[in-house]
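Work through the exercises below with the sequence and the structure open beside you. Try each task before reading its solution.

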Amino acid sequence: MQKSKVYIETYGCQMNLADSEVVMGILNSQGYAITQEVKDADVILLNTCSIRDNAEQRIYGRLGNLKALKDKKPQIVLGILGCMAERLRKDLIEEKKVVDLVVGPDEYRRLPEFIDAAFGGEKGIGVKLSRSETYDDILPFREDGLHAWISVMRGCDKFCTFCVVPFTRGRERSRSLESIVNEVKMLGARGFREVTLLGQNVNSYLDEQNDFADLLAAVAGVNKKMRVRFSTSHPQDLSNKLLYTIAKNENLCNHIHLPVQSGSNRILELMNRTYSIEHYLTLIDKARKIIPGVSFSTDIISGFPTETYEDHLATLDVMQKVKYDGAYMFKYSPREGTKAFKMEDDVTEETKSKRLQEIIALQQQISFDVNQRLLEKKEIILVEGASKKSDDFLSGRTDSNKVVIFPRQANIGEGDYIEVLIDRATSATLFGSVVSVIDKKELSEIRLAV
Ligand code: 5AD
Ligand code: SF4
């Protein structure tokens with residue numbers, strides 16, 4: 001019998017990308033084939049995001065398109081996975097008649113069972129959250145490539161008042177260090193050159209005696225030619241031990257994503273962020289001393305309830321002080337079930353938009369300035385392939401995750417580490433020329449040689 005084909009579409013954060021690979025791993029091992037083409041699929045799964053209302057609206061829009069497909073091919077099974085499944089549960093099946101199954105982030109092992117039932121015409125709902133599920137033993141399904149996402153912990157216990165994640169993904173729990181190290185070894189053997197360790201709050205990683213710094217050191221030790229990144233960090237748990245570990249291991253990238261959310265202490269308190277701006281800035285200074293050349297990116301929310309113009313100016317001020325490499329910037333979106341949902345959403349849409357535009361414009365200016373400082377400097381990059389705009393150029397990324405475009409050369413290909421001289425920079429992209437190919441050396445030697 002021909003295998004049933006599964007197509008999965010992923011929305012939202014990188015954790016969802018990693019989860020989709022786990023889902024494909026589970027289904028593939030149960031005899032399903034994975035397809036990249038929606039038109040060939042017997043099963044269509046949307047792995048969804050609830051973080052802001054516009055994320056959910058996009059998915060409703062997509063469900064509208066898929067309804068047309070299902071009208072033509074009624075035997076197709078259509079499933080909603082991820083945060084929206086967890087948040088909306090039964091309502092989703094009742095309101096959206098096209099949906100056959102709704103499965104939350106901790107119930108993916110039951111997917112084959114739900115899909116079988118759905119082929120028989122039954123609707124399925126699996127939305128229990130677990131205190132222990134980490135999918136530790138599941139081998140994620142990945143195409144060959146250079147870069148892999150590895151989920152190392154799940155859930156979040158921080159309860160920032162604006163955030164729905166603790167409700168859709170449940171309590172924090174970590175995978176075993178051993179299983180993560182084994183996965184990285186396998187990826188190294190398959191030719192992967194970079195991994196990003198993922199969690200809603202990776203610094204809270206804990207496996208018996210091993211904290212996140214221990215995990216990073218162990219992963220960095222697997223293969224010195226593999227770059228290691230991580231995301232996301234909470235300012236409350238960025239320990240000295242972690243900073244020294246990054247400084248010591250050459251293949252741990254010198255880049256920290258450290259969401260600040262707001263520059264105002266009053267707003268930070270209302271958000272339950274558990275740090276003050278003074279503490280945050282001290283942390284940045286300390287990291288810069290311990291890890292020379294470290295760069296930062298951040299998340300910012302504009303228009304949280306009661307935010308005044310002065311609070312907004314404080315956010316612009318912290319951006320000026322830190323000089324982030326980049327930022328993800330959002331308008332506050334009230335989420336049902338969160339503490340902030342009970343506060344009045346009193347900043348008008350117009351004010352939120354205006355403030356957000358100011359934040360975006362300032363960040364663009366800062367990114368431009370930060371990039372100009374790299375002119376005439378040498379950077380080591382991992383080559384990723386042809387540039388988006390032209391086959392005559394190749395593209396790679398620096399340690400701090402910046403894209404560098406350079407003229408194609410026959411002796412340079414995907415997965416090579418090369419040294420480039422930066423000769424032009426915009427706010428988003430660096431342009432350079434090749435200095436040397438240094439692929440065969442250990443990364444530690446590379447850095448010393450620069
Ligand atoms: N509204 C706007 N932005 C939000 N984020 C989380 N919840 C909300 C919300 N309700 C942002 C935060 C977080 C990032 C992943 O998404 O900045 O760090
Ligand atoms: Fe949400 Fe805060 Fe947890 Fe991040 S740390 S997932 S913003 S509750």
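**Exercise 1. Find how many Å separate the centres of domain 1 and domain 2 in this predicted model, and how many residues each domain gives to the contact.**

Step 1. Begin with the bounds, which place domain 1 at residues 5-126 and domain 2 at residues 147-372, while domain 3 covers 378-449.
Step 2. Taken over C-alpha atoms, the centres of domain 1 and domain 2 are separated by 28 Å.
Step 3. To the contact between these two domains, domain 1 contributes 18 residues and domain 2 contributes 20 residues.

**Exercise 2. Decide how far the predictor's confidence supports a reading of the model, and where pLDDT stays under 50.**

Step 1. For the protein, the mean pLDDT is 94, and 97% of the residues reach 70 or more.
Step 2. Over residues 440-450, however, pLDDT stays under 50, and for this stretch the model has 18 contacts beyond four places in sequence.

**Exercise 3. Describe the surroundings of ligand 1, beginning with its polar contacts and ending with the character of its shell.**

Step 1. Among the polar contacts, an oxygen atom of ligand 1 lies 2.6 Å from an N or O atom in the side chain of Gln261.
Step 2. The backbone also takes part, since a nitrogen atom of ligand 1 is 2.8 Å from a backbone N or O atom of Ser333, and a nitrogen atom of the ligand is 3.0 Å from a polar backbone atom of Phe162.
Step 3. On its own, ligand 1 has 400 Å² of accessible area, of which the protein covers 86%.
Step 4. Two elements, β15 (295-302) and β16 (326-331), each give two or more residues to the shell.
Step 5. The shell residues, including Arg52, Asp299, Lys331 and Arg335, divide into five nonpolar, two polar and four charged.

**Exercise 4. Describe the shell around ligand 2 by the class of its residues.**

Step 1. The residues that surround ligand 2 include Cys156, Cys160 and Cys163, together with Phe159, Phe162, Gln200, His234 and Arg273.
Step 2. By class, this shell holds seven nonpolar, two polar and two charged residues.
Step 3. Phe162 belongs to the residues around ligand 2, and Phe162 is also listed around ligand 1.

**Exercise 5. Locate the cis peptide bond from Ser231 to Thr232, and place Arg89, whose phi is positive.**

Step 1. The bond from Ser231 to Thr232 is cis, with omega near 0 degrees, and Thr232 sits in the loop between β13 (227-231) and α8 (240-248).
Step 2. Arg89, a residue other than glycine, has a positive phi near 45 degrees, and Arg89 is found in helix α3, residues 83-95.

Key
Residues are numbered from 1 along each chain as its sequence is written. Chains are lettered from A and ligands numbered from 1 in the order in which they are written. This is a predicted model: local features need pLDDT of at least 70, side-chain atom pairs count only at pLDDT 80 or more; totals for chains, interfaces and linings use all residues. Side-chain values use heavy atoms; hydrogens and water are left out. pLDDT is the predictor's confidence in each residue, from 0 to 100. Contact means heavy atoms within 4.5 Å. A residue is near a molecule or strand if one of its heavy atoms lies within 4 Å of it. Ala, Val, Leu, Ile, Met, Phe, Trp, Tyr, Cys and Pro count as nonpolar, Asp, Glu, Lys and Arg as charged, and the others, Gly among them, as polar. A polar contact is a pair of N or O atoms within 3.5 Å; within protein, one must be able to donate a hydrogen and the other to accept it, and residues adjacent in sequence count only if both atoms are side-chain atoms. Accessible areas come from the Shrake-Rupley method with a 1.4 Å probe; for residues, only the protein chains shown count as cover. Helices (H or I, at least four residues) and strands (E, at least two) are DSSP runs, numbered from the N terminus. Domain bounds come from an automatic or database domain assignment.
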